[in-house]
Amino acid sequence: MPKYLFEANYVGDGIKGLMQEGGTKRREALEKALSSVGGSLESFYYAFGYYDVLGVFEVPDDASAAALSLLINSTGNVNVRLKPLLTAETIDEAAKKTPSYRAPGQ
């Protein structure tokens, strides 16, 4: 199953909601959302710095990841960014491919 790194910031009412509910309730909400598309949460951490929350989850496909991202971002209370995570074996496969490309100006 594809894995994704997520980075999220709480904004506006999202910050107020986090303060009222606490961190574990927000983690549970994400676990429920992931479960609704056949996914699961691998890791979930709060952090200092630019991102408030970081973690890794699995979902069956890119469409499921995109649906979650769209839904969460549409609330206006959380800004989430997803990054697909690739295995070393996937990079091995990519290195064997020979795409055709012309760089700009060449």
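Q: What makes the contact between Glu21 and Arg26 a salt bridge?
A: The cut-off is a side-chain nitrogen of Lys or Arg within 4 Å of a carboxyl oxygen of Asp or Glu. Glu21 and Arg26 come to 3.0 Å, N to O, so the pair makes the cut. Bear in mind that this is a predicted model, where local features need pLDDT of at least 70, side-chain atom pairs count only at pLDDT 80 or more, and totals for chains, interfaces and linings use all residues. Side-chain values use heavy atoms, leaving out hydrogens and water, and residues are numbered from 1 along each chain as its sequence is written.

Q: Why is Glu21 called partly exposed?
A: Buried is under 20% relative accessible area, exposed is over 50%, and partly exposed is in between (1.4 Å probe, protein chains only). Glu21 has 40% relative accessibility, so it counts as partly exposed. Arg26, at 28%, counts as partly exposed too.

Q: How do you know that Lys3 forms a salt bridge with Glu58?
A: Their closest N and O atoms are 3.8 Å apart, so the pair passes the distance test. Lys3 sits in strand E1 and Glu58 in strand E3 (residues 53–58), so the bridge ties together parts 55 residues apart in sequence. Strands here are DSSP runs of E, at least two residues, numbered from the N terminus.

Q: What makes Lys3 and Glu42 a salt bridge?
A: The closest N and O atoms of Lys3 and Glu42 are 2.3 Å apart, so this pair qualifies as well. Lys3 is partly exposed at 30%, and Glu42 is partly exposed at 46%.

Conventions
Helices (H or I, at least four residues) and strands (E, at least two) are DSSP runs, numbered from the N terminus.
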